[in-house]
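Q: Could you pick one part of this model and take me through it closely? I'd like to see what surrounds it and how the pieces around it fit together.

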Amino acid sequence: MNTDFIFSVKKTTFDENYNPAEGTRITTNFANLARGKNRQENLRNALKMMDNRFNSLASWDNPKSDRYSVELDIISVEVDIEGNGTTFPVIEILKTNIVDKKTHERIEGIVGNNFSSYVRDYDFSVVLADHNKRNTGFSTPDNFGDLHGNIFKSFVNSAKFKENFSKAPVICLSVSSKNIYTRTGNQHPVLGIEYQQDEYSLTDQYFHKMGLRARYFMPANSVAPLAFYFSGDLLRDYSDLELISTISTMETFQKIYRPEIYNANSAAGQCFQPSLNNQDHSLTRIVYDREERSLLAVEQGKFTEENFIKPYHSILEQWSANYAF
C-alpha cells in the first residue's frame with residue numbers, strides 16, 4: 001500500500017453567516033447557497049428546513065417536533081503531493097452534528113453527506129467530454145475514475161481521517177434520471193422503503209472505484225428515493241439519529257437543487273423513473289441557478305487540469321497505478 005501523499009483537514013462551520021473559502025468548489029451545494037444578495041436568507045431557510053425534517057423523522061419523545069437541531073461542518077481536504085507544503089483541494093464533504101435541546105447533548109453525526117471534488121469535475125467535464133467528442137456512441141475511457149477513487153480511498157484509510165472521524169463516510173446523492181427504480185419488500189424504520197435500480201449508473205461505477213456501493217431508500221413522507229453510498233453496513237453501522245442527520249441534510253439540498261424529483265407533488269410508486277422535466281413540482285423559496293452551476297463545473301475541471309493534473313501527471317499516474325488497499 002502506498003500512502004506517501006500528505007492530507008490535511010480543515011473544518012468550517014456552515015451556518016447563516018457562512019462565506020465560501022477561496023479554495024471552495026463553487027458548484028458545491030452549500031457554497032452555491034451562500035452567494036448573491038439573498039445569501040443569508042437562503043442559508044437560514046435551508047438550515048430551518050433541515051431542522052424541521054430531522055424532527056419529523058425523530059418523532060419519539062419529541063411531542064412538539066422541536067427537540068433537535070442539526071449543525072454542519074464543511075470538511076475541506078487538501079493533499080500535498082511532494083511533501084513540500086504545496087497543497088491542492090481534493091475533497092469537500094459535510095459532517096453533521098446533532099444538538100439535543102432536551103438533554104443539552106451534542107451528538108456526533110455522519111461525515112460524507114454532500115460530496116464535492118475538483119478531480120471529479122475534471123473527470124466528467126474534461127476527460128469524459130473530450131473522450132466522447134471522438135466517438136459516435138457514449139463510452140468511458142480506460143481507467144476512468146481510477147485516480148479519483150484511489151485518492152479518496154487513500155484519505156479514508158489515512159491516519160488523518162481516523163484522527164478526525166470515528167466512522168466511515170456515507171455520501172447521499174440524487175438518484176439517476178436515466179434509471180428505473182423498483183420497490184423491494186424491505187423497509188427500514190428510519191431509511192424507509194428500499195428500491196432497487198435496473199442497471200448501474202455512471203455515478204455508481206465512479207463511486208465503486210472510491211470503495212463505495214449504493215442502496216436506495218425513500219424515507220417516510222419523502223417523494224423519491226435517495227442514493228446512499230457507503231463502504232460498510234449501512235443499516236448496522238450507524239444509529240437512527242446519525243442516519244436522520246444525513247437524510248434531513250441531503251433531502252433539503254435535493255429539494256432545492258432537484259425540485260422536479262424531490263419536491264414533486266406526488267410520491268414515487270412501485271416503479272419510478274426520476275425526471276428533471278417533471279412539471280408537477282413545487283419550488284422552495286431558496287434561490288439557485290442550475291445553469292450557472294453546470295458552466296462552473298467545466299471551468300473548475302479545466303482549473304484542475306492546469307493546476308493539479310498537468311503539474312503532477314507523472315507522479316499521480318505512477319502512484320495510482322501502484323496504489324492498492
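**A pocket and the sheet beside one of its helices**

A: Let's start with the walls of the second largest pocket: its lining has 9 nonpolar, 5 polar and 4 charged residues. Keep in mind that we're looking at a predicted model.

How much space lies in this pocket? About 500 Å³. There are 18 residues lining the second largest pocket, and if you head for its centre, the closest ones are Asp142, Asn143, Leu147, His313 and Glu317. Three elements each give two or more residues to this lining: helix H3 (118–133), helix H4 (146–156) and helix H10 (313–322). H10 provides the largest share, with 5 residues.

Hold on to H4, as we'll come back to that helix. To place it, you need the sheet. Picture 10 strands in an open sheet with mixed pairing, in the order E1-E2-E3-E4-E5-E9-E8-E7-E6-E10. Strands E1 (6–14) and E10 (271–272) sit at the edges with a single partner each, so each has one side without a neighbour in the sheet.

Now zoom in on E3, E4 and E5. E3 and E4 run antiparallel, joined by 8 bridges. One spot to find is Leu94, which stands opposite Gly112 in E4. E3 and E4 make a hairpin with 4 residues between the strands, and there His104 takes a positive phi near 65°.

What about E4's pairing with E5? Strand E4 (residues 105–116) and strand E5 (residues 170–174) pair in the parallel sense, over 2 bridges. Gly112 shows up again here, with Val170 as its bridge partner in E5, while Asn113 has Ile171 as its bridge partner in E5.

Next come the helices that lie against the sheet. Helix H2 (residues 39–57) packs on it, touching E1, strand E2 (68–80) and strand E3 (87–100), and the direction of H2 makes about 115° with that of E2. And here's H4 again: this helix packs on the sheet too, touching E1, E2, E3, E4 and E5, with its direction at about 80° to that of E1. So H4 gives residues to the pocket lining and also touches those strands.

One last stop, back on H2. The structure holds 12 salt bridges. One of them is between Glu251 and Arg53, whose closest N and O atoms are 2.5 Å apart. That pair links distant parts of the chain: Glu251 is in helix H7 (residues 240–257) and Arg53 is in helix H2, 198 residues apart.

Key. Residues numbered from 1 in each chain as written. Predicted model: local features only at pLDDT ≥ 70, side-chain atom pairs only at ≥ 80, totals over all residues. Heavy atoms only, no water. 1 Å grid on protein atoms, 1.4 Å probe; cavity = no way out; pocket = protein on both sides within 12 Å on 5 of 7 lines; lining within 4 Å. Points joined across faces, edges and corners; volume = space filled by probe spheres on them. Nonpolar A, V, L, I, M, F, W, Y, C, P; charged D, E, K, R; others polar. Pairing = 2+ DSSP bridges. Contact = heavy atoms within 4.5 Å. Axes fitted to C-alpha atoms, helices over the stretch in contact; angles between N-to-C directions. Salt bridge = Lys/Arg side-chain N within 4 Å of Asp/Glu carboxyl O.
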